[in-house]
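Dear colleague,

I am passing the structure below on to you, and I would be grateful if you could look through it before reading my notes. They are meant for someone who has not worked with it before.

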Amino acid sequence: MELHIACIPGDGIGPEIVREAKKVLDKVASKYGHTIVYQDILMGGASIDVHGVPLTDEAIAAAKAADAVLMGSIGGDTNTSPWYQLPPDKRPEAGLLKIRKELNLFANLRPAYLYEELAAACPLKEEISKAGFDMLIMRELTGGLYFGERNTVTQNGVRKAYDTLTYNENEIRRIAIKGFEVARKRKHKVTSVDKANVLDSSRLWRAVVNEVAKDYPDVELEHMLVDNCAMQLVKDPAQFDVILTENMFGDILSDEASMVTGSIGMLSSASLNDTRFGLYEPSHGSAPDIAGKDIANPIATVLSAAMMLRYSFDLDREADDIENAVRRVLKDGFRTADIMSDGCVKVGCQQMGDLLTERVSAEGV
Ligand code: IPM
Ligand code: MG
């Protein structure tokens, strides 16, 4: 099979982690006789430095022409980087929001899984973590506060800023369907998270999710308020299967969910539209403080590449190989700094990529 992948290395640790993910992908491709054609695209600060904007129309066209997009991370230090002296719509994050919107990537899947081997890195008490957990956050990605009308104005000499949280029923319905569909392939449970005790948008969210649920009688549905969910994630994460939620809540809860897995450096993500096309990126940011030091954890990006093979190319066996290689590397005691624990061997980003690559090619993985 020939796979056309647009690559966005991005900023900070992005180029390092994407390099390792490509190494692993190339190994899988040669093992199974696939050809991968990559095209690099500039986005975020890297694009600002060259083109003055975080994402050009040519870059969007190149992404659209590919079968899938593999991304590292974008953005810099918001306190010190000159990119943040620019108006908000010219900053690195604007590129990411634009590509999500332009490609209609409304469904963001963020799985959070506690590897047995990483139990020591899990910040929860052992009596909680011993139950393990395996959840997936289905985050709406092209609506809500991120894309609502916003402005900063001065009224009678007083500065005022507002952002608006809007959803229509169609936007809610399509993400709810994705949530129920994925629950069917997992543990048949959806926890829909909202703030229906305060927000109108949440009350509509709840009503539409209830309507969609009628088509999925085999899937258990519960509703949970977002503040309670934040608490439940550290109190009893084992209760969750699919967490279905809107854009901003999903942004916050997915960072929390990733931390209880031991490190945000482990969490992959897929952003999908209604076709097989997807953009795959780690859930973490560009970590400018550790960029270029060869200490970043490439596993979230490698696991995102595995999601790409599974969702955009239907290559389940190849994706399994990558996921098994991650398990094997952890079992063999290798750790990057963020997941390091006593008795393990600390490795850098490149070496982690090499170790994963070796395990992908090993027989019987
Ligand atoms: C994420 C990130 C982005 C978001 C930022 C970089 C705009 O935090 O993918 O979770 O808020 O969606
Ligand atoms: Mg985030």
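What follows describes the surroundings of the ligand and then the packing of some helices.

Please keep in mind throughout that this is a predicted model.

I began with ligand 1, around which the residues are Glu 93, Leu 96, Arg 100, Arg 110, Arg 139, Tyr 146 and Asp 251. When this shell is sorted by residue class, 5 of its residues count as charged and 2 as nonpolar, while no polar residue is found in it. Helix H4, which spans residues 92-102, provides the largest share of the shell, namely 3 residues.

Some of these residues bring a polar side-chain atom to an oxygen atom of the ligand. For Tyr 146 the distance between such a side-chain atom and an oxygen of ligand 1 is 2.5 Å. For Arg 110 the corresponding distance to an oxygen atom of ligand 1 is 2.8 Å, and for Arg 139 a polar side-chain atom likewise lies 2.8 Å from a ligand oxygen. As for how far the ligand is enclosed, ligand 1 on its own has 320 Å² of accessible area, of which the protein covers 77%.

I then turned to the helices, taking them in pairs.

Helix H1 (residues 14-32) and helix H10 (residues 299-313) have axes that come within 8 Å of each other and cross at roughly 45 degrees, which makes H1 oblique to H10. The crossing of H1 and H10 is right-handed.

In the pair formed by helix H6 (residues 169-184) and helix H7 (residues 200-213), the axes come within 9 Å and the crossing angle is roughly 50 degrees, so H6 is oblique to H7. The handedness of the crossing between H6 and H7 is right-handed.

Finally, helix H11 (residues 316-331) packs against helix H12 (residues 349-361) at an angle of about 120 degrees, and their axes are 8 Å apart. Angles over 115 degrees and up to 145 count as oblique, and H11 and H12 are therefore oblique to each other. Their crossing, that of H11 and H12, is right-handed.

With best wishes

Conventions
Residues are numbered from 1 along each chain as its sequence is written. Chains are lettered from A and ligands numbered from 1 in the order in which they are written. This is a predicted model: local features need pLDDT of at least 70, side-chain atom pairs count only at pLDDT 80 or more; totals for chains, interfaces and linings use all residues. Side-chain values use heavy atoms; hydrogens and water are left out. A residue is near a molecule or strand if one of its heavy atoms lies within 4 Å of it. A polar contact is a pair of N or O atoms within 3.5 Å; within protein, one must be able to donate a hydrogen and the other to accept it, and residues adjacent in sequence count only if both atoms are side-chain atoms. Accessible areas come from the Shrake-Rupley method with a 1.4 Å probe; for residues, only the protein chains shown count as cover. Helices (H or I, at least four residues) and strands (E, at least two) are DSSP runs, numbered from the N terminus. Ala, Val, Leu, Ile, Met, Phe, Trp, Tyr, Cys and Pro count as nonpolar, Asp, Glu, Lys and Arg as charged, and the others, Gly among them, as polar. Axes are lines fitted to C-alpha atoms, for helices over the stretch in contact, and angles run from 0 to 180 degrees between N-to-C directions. Angles under 35 degrees count as roughly parallel, over 145 as roughly antiparallel, 65 to 115 as roughly perpendicular and the rest as oblique. A crossing is left-handed if the near helix is turned anticlockwise from the far one by less than a right angle, and right-handed if clockwise.
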